[in-house]
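User: Could you walk me through this structure, step by step? I am new to it and would like to start with the overall picture.

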Amino acid sequence: MEPPNYNFSVDELSKFYPGKKLEELLKEYPNSKIQSNNGGAIIRKFYVTHKQYKFPVLVQARAGVILDFYARLPAYFLHDVFHQSLINRYGKQNKYKKVEESAVYIWTKRSDFKIIYSGGCSITCYPVFLSIIGKAATVSGGFTPIIETMN
């Protein structure tokens, strides 16, 4: 039996990355819903679907440009597979913190965005979320990343 995320690639989330145009997402996902509109920064909820999975992705944009996103990943994805795909794409994380059965991995080496990934374990290990925050947007101010809003 193959794992449920055997054909999921981190590249499938690249269309949500900071700096991309929101307009392109709206064409591909016409059923997205506005979750909040605060000071010109709009948060929209999109659903990534495939025959084996469906999960929400919250995207924050201002002036039609994506600032950050937060994806709540399916619990039946395998943590080892997903984490390794992030390492293959971005190299080893440079920050790591484990508290009991949950861990957070952070990549800050890139000049254009910061990556935060969380995984947890019970009987098996599974991904919890992936958040990518544009560094240019955080430097310019007036912007709170979705992950901080959710805390």
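**A guided tour in questions**

Analyst: Happy to help! The protein chain has four helices and eight strands, where helices (H or I, at least four residues) and strands (E, at least two) are DSSP runs numbered from the N terminus. This is a predicted model, in which local features need pLDDT of at least 70 and side-chain atom pairs count only at pLDDT 80 or more, while totals for chains, interfaces and linings use all residues. Residues are numbered from 1 along each chain as its sequence is written, and side-chain values use heavy atoms, with hydrogens and water left out.

User: In what order do the elements of the protein chain run from the N terminus on?

Analyst: Helices are written as α and strands as β here. Read from the N terminus on, the order is α-β-β-β-β-α-β-β-β-β-α-α.

User: What is the radius of gyration of the protein chain, and how does it sit against the globule rule?

Analyst: The radius is taken over C-alpha atoms, and the rule is 2.2 Å times the number of residues to the power 0.38. For 151 residues the rule gives 15 Å, and the chain comes close to that, so it is as compact as a globular protein of that length. The C-alpha atoms fill a box of roughly 45 × 35 × 25 Å along the principal axes. The radius of gyration asked for is 15 Å.

User: What percentage of the 151 residues count as buried?

Analyst: Buried means under 20% relative accessible area, exposed over 50%, and partly exposed in between (1.4 Å probe, protein chains only). By that yardstick, the buried part of the 151 residues is 41%.

User: Which cysteines form a disulfide?

Analyst: A disulfide is a pair of cysteine sulfur atoms within 2.5 Å, and a search of the whole structure finds one. Its sulfur atoms lie 1.9 Å apart, and the partners are cysteine 121 and cysteine 125.

User: What is the handedness of the link between cysteine 121 and cysteine 125, and is cysteine 121 buried or exposed?

Analyst: Cysteine 121 counts as partly exposed because its relative accessibility is 24%. Cysteine 125 also falls in that class, at 29%. The angle about the S-S bond is 100°, and the link is right-handed.

User: Where is phenylalanine 129 placed, and what does it contact beyond its sequence neighbours?

Analyst: Phenylalanine 129 is in strand S8 (residues 125–134), and its relative accessible area of 12% is why it counts as buried. Its C-alpha atom is 5.8 Å from that of tyrosine 117, twelve residues away along the chain. Contact means heavy atoms within 4.5 Å. Leaving aside neighbours within four places in sequence, its partners are Tyr70, Ala71, Leu73, Ile116, Tyr117, Ser118 and Ile147.

User: Is tyrosine 70 buried or exposed?

Analyst: Tyrosine 70 lies in strand S4 (residues 65–72). Its contacts outside four places in sequence include Phe129, Leu130 and Ile147. Because its relative accessibility is 10%, tyrosine 70 counts as buried.

User: What is the phi of alanine 63?

Analyst: Alanine 63 sits in the loop between strand S3 (54–62) and S4. At 77% relative accessibility, alanine 63 is exposed. Its phi is positive, in a residue other than glycine, and is near 55°.

User: Where is glutamate 100 found?

Analyst: Glutamate 100 has a positive phi near 55° and is a residue other than glycine. It is exposed, with a relative accessible area of 68%. Its place is the loop between strand S5 (95–99) and strand S6 (102–107).
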